[in-house]
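Biologist: I should like to learn how to read burial, packing and surface features from a model. May we work through one together?

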Amino acid sequence: MQSNTQALAPGLNLFPTLKPPHKTLTFHRISALFITFVAYASFHASRKPPSIVKSVLSPEIQSNSTSVDTGWAPFNGPHGTHRLGELDLAFLSSYSIGMYFSGHAGDRLDLRLFLVIGMLGSGILTIIFGLGDWLNVHKLGFFVGVQIVCGLFQSIGWPCVVAVLGNWFGKEKRGLIMGLWNSHTSVGNIVGSVVSSAVLEFGWGWSFVLPGILIIITGIFVFMFLVVNPEDLGFELLGKEIEMNVEVESNKSMENSEKVESEDAGLLPYDVSDSSGAIGFLEAWRLPGVAPFAFCLFFSKLVAYTFLYWLPFYIRHTAVAGVHLSHKTAGILSTIFDVGGVLGGILAGYISDKIEARAVTSIIFLLLSIPALVLYRVYGSISMYTNIGLMFLSGLLVNGPYSLITTAVAADLGTQSLIKGNSRALATVTAIIDGTGSVGAALGPLLAGYVSTRGWNSVFFMLILAIFLAGLFLIRIVKTEIKSKLNEGK
């Protein structure tokens, strides 16, 4: 994916016993899985503070709680929710735009250094946003500017971690592996929510500073120990090579005689050449399945990120059993949605591996999430138990297809046989799919800020409509998958 002459992670030189033959391929696969998991969880933890502090920055509400909300200018006026939505738009728009460029750059740069730059930049900008509390900043331009630059740094993370994981793992059990791995999104949200909520009473600035410090420390850890490619340690993933060359194995003129038909790994010299070139942006768009899944993710991510940025605010402003919860309780309670998301991502990945049909799995989750959201809106306020149960179910069904598309589907499309084993396409395809989804992610929270002034029923109607449209984009692929399964059964 990048030059094989890149420097090895300093931590492996510092601790030589971490290199082969002291450590096996399995050890380094697990290490890559763990390090990228922690890395992207820290990205999401540093994105969570804006949703936690919304209820502090927002206009005063009438409630049965003992606290009095005075808000924070410029977010405490009659159009405070509009300003909050515009703040989300600033971050997510720059994030989605940066995603396309970072994916393209990720195919050409040292992924470890590129990822670390994204993490350190994100941490610094998150801390700067929190300093607005102590510096008594009330200029909308300051907060918007910080969010725009932070979004650009954040956009570096996803293409990098997916590309690294794609280097280490072949296609077998990819749905389950990536379903487990992609729980970093929900785990990061949970960590960010708990940390930000826990220190909110000391000032909303702390809710940004602590997650910012967390991602900086994690970035240093990634710099020290992440190994981007098996070839950097002399490993060759022969099972992966066979997968990538499946269409040309019948061509005897290819150098397949050098491949060993085995799922095991062998040690190679460190000067293995990379014969594949980076794929073009428009060429990646034309790959089968990329556009439908990208636009499906547009609407799926619109829903997921609306919950990510507005669920604590919704819980705070909606009475549960006749009582409005505190800022801290609302923030911590919102993690139930992410707990459901962890199970949803794993379940979707497992089911898609079993039935070998990613689109069918996604559309089932999407269709079931519609009644789940209706039930949560109608019955979620009856009691704390119904709120928790229905929030968990909604998180499971909403995050299932979102998780599946951003990981296993993106990796499948980025390593499909049509591009002749060009593994360097993976970061570009991943960036296209998640970048398109991020446009929806930017639109959702913005619309929620405006639509919420008309009532929360309107917000939920918007989310249900988005889920319906997401399913429409998958219908053609679903038909193809079903026909394929029926033909196999003949």
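**Reading burial and packing**

Modeller: Let us start with a single side chain: Arg47 is buried, with a relative accessible area of 2%. Please bear in mind throughout that this is a predicted model.

Biologist: Where is Arg47 found, and which residues is Arg47 in contact with, leaving aside its neighbours within four places in sequence?

Modeller: Arg47 belongs to helix α2, residues 25–47. Setting those sequence neighbours aside, its contacts are Tyr40, Phe91, Tyr95, Gln154, Tyr305 and Tyr309. In addition, 10.0 Å separates the C-alpha atoms of Arg47 and Gly123, which are 76 residues apart along the chain.

Biologist: How many residues of helix α3 are buried?

Modeller: In α3, which spans residues 49–57, 8 of the 9 residues are buried, so the helix is largely enclosed by the rest of the structure. The buried residues include Pro49, Pro50, Lys54 and Leu57.

Biologist: How should I read a nonpolar core, and which residues have the most contacts inside the largest one?

Modeller: The general idea is that in soluble globular proteins, nonpolar side chains tend to be buried together. Here the largest nonpolar core has 82 residues, and Trp204 and Ile315 have the most contacts inside it. Helix α13, residues 290–317, gives the largest share of this core, with 19 residues. Another core, of 38 residues, lies apart from it; among its members are Ala9, Met119, Ile156 and Val162.

Biologist: What is Trp204 in contact with, beyond its neighbours within four places in sequence?

Modeller: Among its partners are Val53, Val56 and Leu57. Trp204 also contacts Trp72, Phe129, Gly130, Gly132, Asp133 and Phe143.

Biologist: Which residues form a nonpolar patch on the surface?

Modeller: The patch consists of Ile124, Ile128, Leu131, Trp134, Leu135, Phe202, Trp206 and Leu210, with about 750 Å² of accessible area together. Two elements, α5 (111–134) and α10 (206–225), give two or more residues to it, and the largest share, 4 residues, comes from α5. Leu135 is found in the loop between α5 and α6; this residue is exposed, with a relative accessible area of 60%.

Biologist: Finally, how many disulfides does the count come to?

Modeller: A disulfide is a covalent bond between the sulfur atoms of two cysteines. In this model the count comes to 0 disulfides. As for individual cysteines, Cys160 is buried, with a relative accessible area of 0%, and Cys296 is buried, also with a value of 0%.

How values were computed:
Residues are numbered from 1 along each chain as its sequence is written. This is a predicted model: local features need pLDDT of at least 70, side-chain atom pairs count only at pLDDT 80 or more; totals for chains, interfaces and linings use all residues. Side-chain values use heavy atoms; hydrogens and water are left out. Buried means under 20% relative accessible area, exposed over 50%, partly exposed in between (1.4 Å probe, protein chains only). A disulfide is a pair of cysteine sulfur atoms within 2.5 Å. A nonpolar core is a set of buried Ala, Val, Leu, Ile, Met, Phe, Trp, Tyr and Cys residues joined through side-chain atoms within 4.5 Å. Contact means heavy atoms within 4.5 Å. Patches are made of residues with over 30% relative accessible area and no salt bridge: like charges are joined within 9 Å, nonpolar side chains (Val, Leu, Ile, Met, Phe, Trp, Tyr) within 5 Å. Accessible areas come from the Shrake-Rupley method with a 1.4 Å probe; for residues, only the protein chains shown count as cover. A salt bridge is a side-chain nitrogen of Lys or Arg within 4 Å of a carboxyl oxygen of Asp or Glu.
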